[in-house]
Amino acid sequence: MFDDTIAAIATAPGEAGIGIVRLSGNKAIDILDKLFRGKKRMSAFDIVSRMATYGHIVDEDLNVVDEVLVIIMRKPNSYTTEDVVEIHCHGGIIPVRRIMELVLKNGAVMAEPGEFTKRAFLNGRIDLTQAEAVIDVITSKTETGLNAALYQLEGDLSQELHRIMDEILSILAHIEASIDFPEHDIEEITLDNILVTAVGVSKSIKKLSDSFEEGKIIRDGLSTAIVGRPNVGKSSLLNILVRENRAIVTDVPGTTRDIIEEYLNIGGVLVKLIDTAGIRETEDIVERIGVERTKSAIEEAEVVIFTVDASVRLTREDHDILQLIKTKNVIVAANKIDKGINEDIKILIDIFGEDRVIEMSVKQKIGIIKLEDTIKDLVYHGQAAVNKNKMVTNIRHKDLLDKALDSVNRAIEAMRSGVPIDLISVDIKDAWGRIGQITGDVAEEDIINEIFSKFCIGK
Ligand SMILES: Nc1nc2c(ncn2[C@@H]2O[C@H](COP(=O)(O)OP(=O)(O)OP(=O)(O)O)[C@@H](O)[C@H]2O)c(=O)[nH]1
Ligand SMILES: [Mg+2]
């Protein structure tokens, strides 16, 4: 399908045991043959598919560039369905780069980010959701996230989507039939049939769409902002949760000026933890920008850990912050209880409930586990993570599902109110098209390009 043969360094840059240069396309084996010297004058064309074969890569003057193992995966049984060659060399920066230069000099072109996977998609081996799952596998940050991505890669999500698309097609077929043979008195039964199928389709789409709330957290993490007035121990809390001295801690109020983000894994839940600048009125320009950033971090956060100094009365600043976070999902970290507990904590318990106010001391490591458990409980509503294989983790999919759902529901509504059946086919077709955009059956070129541009080079 493609004329050119692409090449890329498939391993991460740096020093490592091995590095891999990968090629895909019609000329992949030709190009390898020009560079490869096997034992007993073996040429690249003699290499058995999928058999790791020892040899050397040489340059134009036959100088050895590196000792290698090469693997050829002949079409169509390869990642891209084209001839694919992998050259496994030593993992230093220089060997991979020199081999890369040689393959380019011999006719390969540099692959764009995600181009191997894009070819696998355009050549029909995988659909778009599976291609997108490849990035998710690579960037997954927890085992739960990896599992969700692997299910998608295996095609569990595409299978369900294709099942839904088939149902929609059967609705369309019924509609066409009733339009083509209006003299037949099948209208009643057909309408009933169509309605039942459409309601089923609507339920299936809704179920997928609803799985996104959890799916998003599994993939991108629960966005959690640590917020409070200066010097209450926010950065200390971040440090103890991520178990390293990530943020600067001092007894000077206003220490943290900018947002600090760290990922952590709490019992399989990925948490994106954000330490913010303490909120107070300030003349200091840098600090003021920090405070502004804190306010937008609050807006974006799914959970706010409101940190207070529990040993003293709530201040005016604490009350101001309460106003900012009142619509959010809040956990109160009532810190510094090693210095005592002030009566004012009751005000917080009244607002947020006993379960959400954690009495703690970062200094004496009291209450940390309780805080972690409380965060975890927010995600799975107290239940352990369920391994759902038909889960939507991608916002692109979620948006398209919701649009498809609107269309199907509009059609159902119209049918129920007696709109002529041929008029509802527009909405039904629209729903089919939206789901087709998820699987890539009907995706447009710029959307496809945008998706693959997020990949790393060599994948
Ligand atoms: N006694 C006591 N001191 C603590 C506790 N947690 C933090 N501190 C101290 O409180 C001071 C401020 O801590 P930080 O973590 O820098 O506070 P912050 O909220 O990030 O402050 P800003 O960045 O200025 O907004 C430091 O001296 C910490 O050692 C605690 O549980 N008990
Ligand atoms: Mg700080």
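A nonpolar core is a set of buried Ala, Val, Leu, Ile, Met, Phe, Trp, Tyr and Cys residues joined through side-chain atoms within 4.5 Å, where buried means under 20% relative accessible area (1.4 Å probe, protein chains only). This is a predicted model, in which local features need pLDDT of at least 70 and side-chain atom pairs count only at pLDDT 80 or more, while totals for chains, interfaces and linings use all residues. Residues are numbered from 1 along each chain as its sequence is written, and side-chain values use heavy atoms, with hydrogens and water left out.

**First stop: the core.** Select Ile 205 and Ile 435, which have the most contacts inside the largest nonpolar core, a set of 31 residues. Now add helices H6 (156-180), H7 (187-210), H14 (395-416) and H15 (425-439), each a supplier of at least two core residues; helices here are DSSP runs (H or I, at least four residues), numbered from the N terminus. H14 gives the largest share, nine residues.

Zoom in on Ile 435: leaving aside neighbours within four places in sequence, its contacts (heavy atoms within 4.5 Å) include Leu 161, Ile 164 and Ala 404.

**Next: the cysteines.** Select Cys 89 and Cys 456. Why is there no disulfide, a pair of cysteine sulfur atoms within 2.5 Å? The sulfur of Cys 89 is 17 Å from the closest cysteine sulfur, in Cys 456, which is too far for a bond. Cys 89 is buried, at 2% relative accessible area, whereas Cys 456 is partly exposed, at 40%; partly exposed covers the range between under 20% and over 50%.

Conventions. Chains lettered and ligands numbered in written order. Disulfide = S-S within 2.5 Å.
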